[in-house]
Amino acid sequence: MGFKTGIVGLPNVGKSTLFNALTRTAIAQAENFPFCTIEPNVGEVAVPDERLQKLARIADSKVIIPAKMSFCDIAGLVKGASEGEGLGNKFLANIRECDAIIHVLRCFDDTDVTHVSGSVDPIRDLEIINTELILADLQSVDKQLVNLTKKIKSGDKSLLKLYDVLMKAKDGLERGEAITSTNRTEEDQLLLSDFQFLTLKPVLYVCNVDEASAATGNSYSQKVKDHVMEENSTSINISASIEEEISQIANQEEQDFFLKELGLNRTGLDRLIIEGYKLLDLLTFFTVGPKEARAWTVRSGTTAPKAGSVIHTDFEKGFIRAEVIRCREYLEFLGEQRAREEGKLRSEGKGYLVEDGDIIKFLFNV
C-alpha cells in the first residue's frame, strides 16, 4: 500500500514551495526513485531505502520498484473555512481523502513575504487551522447524531452504542478538543474509524525555518515543539528554500556535500517519509528475485495473508504459507540459497505478523 499525506497551512507559509521542492527532488533522483504527477497538486514519490538497492544487486534483479508515498498540496486555508470561507469546502474535502496531515507553519521572518495575519506567530497559525478542523468535525458529528436519533426512535436499538460514542466526541469537540485527544476504548475507536473525521488524522507539524536555522531550529520552531509535545505530536524543522535548492541538484554526491555544508544529513523529503512511516505505524517488506526487487508498505501488525493481498488478492484467498528471510540475513549470506542452507529461511503460517525488512515468498493455491 502507498499512503497519501496532505500538506496544509495558511497562505504564504511555504506550503506550496515545499511541495514543489519535494516533488522536483524526486524528479532529480529519477534514476533510482521514479516520480509521477497524478494530478496538478498531487506528487507521488518513491520511498528511499538503501536495503532495496542492496537486495537487487545480490539477486541481479532487472527492475527495482520502491514503495511510494503521495504528497497532496491542499488549497490554502483561511479562518472560517469550516463555514465555507475561501476554498474551505475544497480544503476540507481534500483532507478527508488523506491518511495523514503535514501541517506547515511559518517559522521565519521575511518582510518580502506578507503573512496573512500580519505577523509571524506559528502557534496562532496552528490554532487557527486546528480550530477549523474541530468545527468541521463538530458539524459532521451533529449531522450523524440527527440521523441516528431518527433511526433509534424508529426502534433500531443497535445504534445506541454508536450514539453514545458520537456524543462523547461531540462533548470533546465543543470543548475545543480534537477527537484524537479524547479517551476511547478500542471498540469506540473502531466505531469512529468508519467516519472521515478530520481530527482523527495523525498530524506531523513542519516548521518552515530560514536557511540558517535548518539544522538547529529557532525560537519559533522551539515554541512549536513545546506546544505539540503536549498533544503527543511531533514537529520537524525544514527549510523550504533549501529544499528548493536541493531539488535542482541531480548529482547525489553534490547533493550530499551541499547537505553536509549546512549541517544536515538528510533531505527534507527523506525526513518527512521517515516521520510519516512512524506517524502511520508503517513498515516495509520485500519481494526479491531476478525479475524484480520490490518494496511493499503495510501497517504494523499485518498478518502474512493480508500482506500478500497487497500484492494480489489471490495471495490472501489461497494462502498456504509464507517463506520468510530477514533482510540482514539475506544480505549476510548473499541471497536466498545460502540463507536457506544456513537455516535462516522460515516457513510461517496465517498468524505470522510481518516485520520490517522481511523478504517474503508467498505460496498459495486458488
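Visitor: Helices here are DSSP runs of H or I, at least four residues long, numbered from the N terminus. Where is Leu334 found, then?

Guide: This is a predicted model. In it, Leu334 sits in the loop between α13 (327-332) and α14 (336-341).

Visitor: Buried or exposed?

Guide: Leu334 is exposed, at 60% relative accessible area. Its phi is positive, near 55°, though Leu334 is not a glycine.

Visitor: Why point that out?

Guide: Most residues other than glycine have a negative phi.

Visitor: What about Asn12's phi?

Guide: Asn12 has a positive phi of about 65° and is not a glycine either. Asn12 lies in the loop between β1 (3-8) and α1 (15-28). Asn12 is partly exposed, with a relative accessible area of 45%.

Visitor: New topic. How many disulfides?

Guide: Zero.

Visitor: Why is Cys98 not bonded to Cys72?

Guide: A disulfide needs sulfurs within 2.5 Å. Cys72 holds the closest cysteine sulfur to that of Cys98, but at 4.9 Å it is too far for a bond. Cys98 is buried, at 2%.

Visitor: And Cys207?

Guide: The closest cysteine sulfur to that of Cys207 is in Cys107, 3.9 Å away, which is too far for a bond. Cys207 is buried as well, at 0% relative accessible area.

Visitor: Last one. Which strand holds Arg346?

Guide: Strand β12, residues 346-348. Arg346 counts as buried, at 19% relative accessibility, because the cut-off is under 20%.

Visitor: What does its side chain join?

Guide: The side chain of Arg346 makes a polar contact of 3.0 Å with that of Glu348. Beyond four places in sequence, Arg346 is in contact with residues including Ala322, Glu323 and Tyr352.

Terms used
Residues numbered from 1 in each chain as written. Predicted model: local features only at pLDDT ≥ 70, side-chain atom pairs only at ≥ 80, totals over all residues. Heavy atoms only, no water. Buried < 20%, exposed > 50% of the residue type's maximum accessible area, 1.4 Å probe, protein only. Helix = DSSP H or I, 4+ residues; strand = E, 2+ residues; numbered from the N terminus. Polar contact = N/O pair within 3.5 Å; in protein donor to acceptor, adjacent residues only side chain to side chain. Contact = heavy atoms within 4.5 Å.
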